[in-house]
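New to this one? Take a look at the model below, and then we'll walk through how its parts fit together.

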Amino acid sequence: MEILRTYVETIGAADAVYDGNVSKVSVVGAGMETHPGTASKMFEALYESNINIQMISTSEIKISVIIDAENADRAVSAVHKAFIPND
């Protein structure tokens with residue numbers, strides 16, 4: 001947190017918030033931009049597992065979400081099941 005304080009002062013921000021109890025779950029694939037519905041499939045899988053998404057980040061080949069760390073295993077399982085249902 002001390003490193004963040006230095007940047008807060010440097011950029012003149014009021015404060016910085018840090019949460020170490022989060023996890024990032026991502027789906028990655030080069031063909032995502034040509035397959036619509038990838039994000040909604042991921043979000044629906046998390047919703048159906050009652051997992052709250054705190055933040056979303058996307059690119060042409062990746063969709064990432066930040067969730068509570070305590071839900072990480074369930075989230076990975078739900079997303080895996082959504083994309084690879086017969087595994």
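Here's a quick tour of the sheet, the helices packed on it and the nonpolar core.

Keep in mind that this is a predicted model. At its heart, for our purposes, are 3 strands that form an open sheet in the order E1-E3-E2, with antiparallel pairing.

**The sheet**
- Strand E1 (22-28) and strand E2 (55-58) sit at the edges, so to speak: each of them pairs on one side only.
- Going from one strand to the next, the twist averages 20 degrees.
- E2 pairs with strand E3 (residues 62-68) in the antiparallel sense, over 4 bridges.
- If you'd like a residue pair to look for, Ile 56 has Val 65 in E3 as its bridge partner.

**The helices on the sheet**
- Helix H2 (residues 38-48) packs on the sheet and touches E1, E2 and E3; the direction of H2 makes about 15 degrees with that of E3.
- Helix H3 (residues 72-83) packs on the sheet too, touching E1 and E3; its direction makes about 15 degrees with that of E1.

**The nonpolar core**
- The largest nonpolar core has 11 residues in all, including Val 25, Met 42, Leu 46, Val 65 and Val 79.
- E1, H2, E3 and H3 each chip in at least two residues of this core.
- E3 gives the largest share, 3 residues.
- Ala 75 is one of the core residues, and, leaving aside residues up to four places away in sequence, Ala 75 touches Val 25, Leu 46, Ile 51 and Ile 67.
- As a bit of background, nonpolar side chains tend to be buried together in soluble globular proteins.

Conventions: Residues numbered from 1 in each chain as written. Predicted model: local features only at pLDDT ≥ 70, side-chain atom pairs only at ≥ 80, totals over all residues. Heavy atoms only, no water. Pairing = 2+ DSSP bridges. Axes fitted to C-alpha atoms, helices over the stretch in contact; angles between N-to-C directions. Contact = heavy atoms within 4.5 Å. Core = buried A, V, L, I, M, F, W, Y, C linked by side-chain atoms within 4.5 Å. Buried < 20%, exposed > 50% of the residue type's maximum accessible area, 1.4 Å probe, protein only.
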